[in-house]
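Here is a brisk report on one protein chain. It moves from charged pairs to strands, backbone exceptions, cysteines and surface.

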Amino acid sequence: MASPVKTLIRSFRPQTASNVLRPCTTRHRFVQAQQTRNVHAPATEYLQSYNVDWTESQQSVREAIAKICTKYPDEYWLEKDNKHEFSLDLHQDLAKAGWLGICMPEEYGGSALGISEASVMMQTLSESGGGMAAASSVHMNIFGLEPVVKFASEEQKQRWLVPLIAGKERACFGVTEPNTGLDTLKLQSLAVKNPDGKSYSVTGSKIWTSTAQTAQKILLLVRTTPLDEVKKPTQGLSLFYTDLDKMQVQVTEIQKMGRAAVDSNVCFFDGWQVPAEDLVGSEGEGFKQIMQGMNAERILIGAEALGLGFCSLRKAALYAKDRHVFGRPIGKNQGIQHPLADSWMKVEAARLMVYQAARMYDAGHSTGEYANACKYLAADAAFEAAERAVLTHGGMGYAKEYHVERYFREAMLPRLAPTGGALVGVKILDLSRVLAAPYCTQILADYGADVIKIEDPERGDDTRYWTVTGEGKGMWKDGIGPMSNYFSAVNRNKKSVALNLKHKRGREIFLEMVKEADVVVENLRPGNMDRLKIGYEDLRKVNKRIILASTSGYGAGGPMEKRAGYDMIAGAEAGLLHLTGERGGGPVRPGLGLTDMSTGLYMHGAIMAALYARERTGEGQRIDGSLFETQVALLTNVGLSWLNMGVEAERWGAQHPSVVPYDAFKTKDLYFVCGATNDKQFANLVKILGRPELAQDERFTSNGQRVTNRNDLYPILQKLFAAKSTTEWEQEFEGSGMPYAPINTMQRVFEHPQTHARDMIAEVSLDSAVMGKIKLIGPAIKFSHTKATIRTQPPLHGEHTNEVLGSFGVTQEELESLQEEGVLMNRKKVV
């Protein structure tokens, strides 16, 4: 029997072999019953039915879904949102018309259409005014059961797909866990097969499980083999499609910002009995199975975001047309017109990307980057459109009866899930140690890159031994190997592999890893990589897309190429220490490794640029940086004064050579920094200090005069600042518009309200610490979408050797043999 959807589609158009592929050439218009919504401008038309780049099949889907959506006006979705009620009505209407199986095989009641048609369906549901609530009510049906279609037995497909497509059963998705988030390979929920072999006992938890309150079934990904017992982390995961037995599973709804009509939940289970016949495919194949639907899901979320964006713009445009202020429609004002036009262009551009990704997916192409890109662009465009819709409505946009505030709340969802850091999928092999290059790779790891730190088996990174007085036994457990706060500061989010690259087999294993890597980062002396036979040309032979990022003291070339370089050495030779110190005094080393860390910052940006260039050229390249060159580059204006004028730099302490006053002034208790970069600020400063007449003193009336007479001015200011405490001066300067700050101790920095407001302190579990946890400094840069995260603790020396090398095909027997030979070292995790 033909699917009802395909029958419906055929009723919209003549039967020809090329219908699905031929672009629409006749303008279709769905005439809606509620004539009040019909307006002439395409941007304000309710579910406009004509898109020149849609096929007739897509066009037919649009018109049919639009017809169903007319039964569910904005007021319906407002009520569902207020009452937190799932739309069983829409679910049943879509089931009766055969839409729940739009991408499923026909033999189970589906329509066997593509993601291109499904994207039209999901966009239309969202665009109708139902937003993410309408789309999410059937979202799982479209992509979620793809693993069942591809891997389940025929008996299972009949048992599971037929009632799902008919609308008799609803399913939810149980993958994400509270403690692992996006890191699916670290899932902890465990299914243990019972002695009778007929069932599994499942224990664990899941989070963000949508529709679990009303679903009868759950697609559940759990471990059947613990992580520490598998060769590769992708192994040991198994997929079940089973009854969501609320007697055995505690389902607790999460109160959330938007999409209130569709519940999101935490699911807890302890000893949940799951029939063995509900295992999809074979044990241990779950990760491969679950990945089948990920790209399709991202494309569909992009389509749903599109609908929300178009819906928001329609509401805003209609309101701008109807709302009269000062005798004319507010839509006549460019301040209203331009932001909406800008958003319309962005949503339209995102639409092109969404349907390009959908077409590629249906054609069988690898679409990971396109699926991610379309979801990102559509989510961003929809959020901005919803925000501007609220702003267009002004105060009314804050009222629920105008609906745009609901769109705005729901527009956050596509930006949050599913997503990861900006560099998710980028694999980095980190051969570096100490500070500059590890700082670089930690930034990349915070942005989502998979960083494997390769250390010498005997000693590891030098900074593991760099402890301060009292840190040893006071902070670290016995028997964990070398560990320090210094090492922890720049090595989170990394895995440690202890591998001897001087050994032939060690090099062979490393080159196998290079085949799957994107970037190799190293800071050996120039030439050492070549001597080890893992230089750039060696790496390129096994992977032409590899990027080799090399950091050294002086760079690969020049008379100083072979010299060792450390932060202070490079800082001295490249002029930094000539600049630092009190006036007339000796050089002072900065309190932090600024040259090292600046080199890491330069190198992280260079790696990002090389990755971007590789997308155009298809090939990697070598990047060469050094501490010396970084510090020379940082001389900026001071360097140019010498190059162009022959003016030698001086030490100025905390003062500025060309701006006066600009200094750190001693108060009663600490130091207080402030400056006056122009005459108005100087007048304000001396007024706050209680000496306004100084602004009229002929020695200080201009910055030039103040620079010339700094030796007269500074003693006066120093005496004034010494009269009060730092806290008192902060109160005096508050609200003045002046640039100022106390010189804070570490205690004051980490108690500072801005430090906490910007999430600059992160506490993570650390098994090797006596307290079982460690506080780390948070990522400096905040992303709106692809957030920087701290996902894993700083690793022990060789903690992940067996796990990582096993994933590259090294057998357990060989791992043990190589450890005896000293080629590698694997350290068991601390309990």
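Arg545 counts as partly exposed, at 32% relative accessibility. The model is a predicted one. Arg545 forms a salt bridge with Glu615, and the closest N and O atoms are 3.8 Å apart. The two residues come from distant parts of the chain, 70 residues apart. Arg545 lies in the loop between helix H19 (536-542) and strand S14 (547-552). Glu615 belongs to helix H22 (residues 594-617). Glu615 counts as exposed, at 59% relative accessibility.

**Other charged pairs**

How many salt bridges does the structure hold? The count is 41. One of them joins the side chains of Lys495 and Glu803, at 3.3 Å from N to O. This pair also links distant parts of the chain, with the two positions 308 residues apart in numbering. Lys495 sits in strand S12 (residues 494-499), and Glu803 in helix H31 (residues 801-807).

A local case is the pair of Glu508 and Arg505, whose side chains meet at 3.4 Å, N to O. Both residues are in helix H17 (residues 504-515). They are separated by about one helical turn because they are three residues apart in that helix. Glu508 is partly exposed, with a relative accessible area of 35%. Arg505 is partly exposed too, at 23%.

The three pairs are set out below.

| Salt bridge | N to O distance | Separation in the chain |
|---|---|---|
| Lys495 and Glu803 | 3.3 Å | 308 residues |
| Glu508 and Arg505 | 3.4 Å | three residues |
| Arg545 and Glu615 | 3.8 Å | 70 residues |

**Strand pairing around S7**

Strand S7 (residues 264-275) pairs with strand S3 (residues 199-210). The sense is antiparallel, and the pairing runs over ten bridges. Within it, Ser205 has Phe268 of S7 as its bridge partner. S7 also pairs with strand S6 (residues 249-253), again in the antiparallel sense, over five bridges. Here Thr252 stands opposite Val266 in S7. S7 thus has pairings with both S3 and S6. In a regular strand, side chains alternate between the two faces of the sheet.

**Backbone exceptions**

Most residues other than glycine have a negative phi, and most peptide bonds are trans. Some places in this chain depart from that pattern.

Arg259 is not a glycine, yet its phi is positive, about 50°. Its place is the loop between S6 and S7. Is Arg259 buried or exposed? Arg259 is buried, with a relative accessible area of 9%.

Phe326 also has a positive phi, near 55°. Phe326 is found in the loop between strand S8 (324-325) and strand S9 (328-329). Phe326 is exposed, at 85% relative accessible area. The two loop residues therefore fall on opposite sides of the burial cut-offs, with Arg259 buried and Phe326 exposed.

Where does the cis peptide bond at Pro661 occur? The bond joins Val660 and Pro661, with omega about 0°. Pro661 is placed in the loop between helix H24 (636-645) and strand S16 (662-666).

**Cysteines**

A disulfide is a covalent bond between the sulfur atoms of two cysteines. With a cut-off of 2.5 Å between sulfur atoms, the count comes to zero disulfides. Cys103 is in no disulfide, and the nearest cysteine sulfur, that of Cys374, is 14 Å away. Why is Cys311 not bonded to Cys69? The sulfur of Cys69 is the closest cysteine sulfur to that of Cys311, but at 11 Å it is too far for a bond. Cys311 is also buried, with a relative accessible area of 0%.

**Surface patch**

Which residues form a nonpolar patch on the surface? They are Met746, Phe750, Ile761 and Ile777, with about 360 Å² of accessible area together. Of these, Ile777 is found in strand S20 (residues 773-777).

**Annotated region**

An unreviewed UniProt entry carries the annotation "domain: Acyl-CoA dehydrogenase/oxidase N-terminal" for residues 55-168. Over residues 55-168 the model is 70% helix and 0% strand. The C-alpha atoms at the two ends of this stretch are 31 Å apart.

Methods: Residues numbered from 1 in each chain as written. Predicted model: local features only at pLDDT ≥ 70, side-chain atom pairs only at ≥ 80, totals over all residues. Heavy atoms only, no water. Pairing = 2+ DSSP bridges. Helix = DSSP H or I, 4+ residues; strand = E, 2+ residues; numbered from the N terminus. Buried < 20%, exposed > 50% of the residue type's maximum accessible area, 1.4 Å probe, protein only. UniProt positions renumbered as here; feature names shortened; annotations may be inferred. Patch = residues over 30% accessible without salt bridge, like charges linked within 9 Å, V, L, I, M, F, W, Y side chains within 5 Å. Areas by Shrake-Rupley, 256 points an atom, 1.4 Å probe, with all protein chains shown as cover. Salt bridge = Lys/Arg side-chain N within 4 Å of Asp/Glu carboxyl O.
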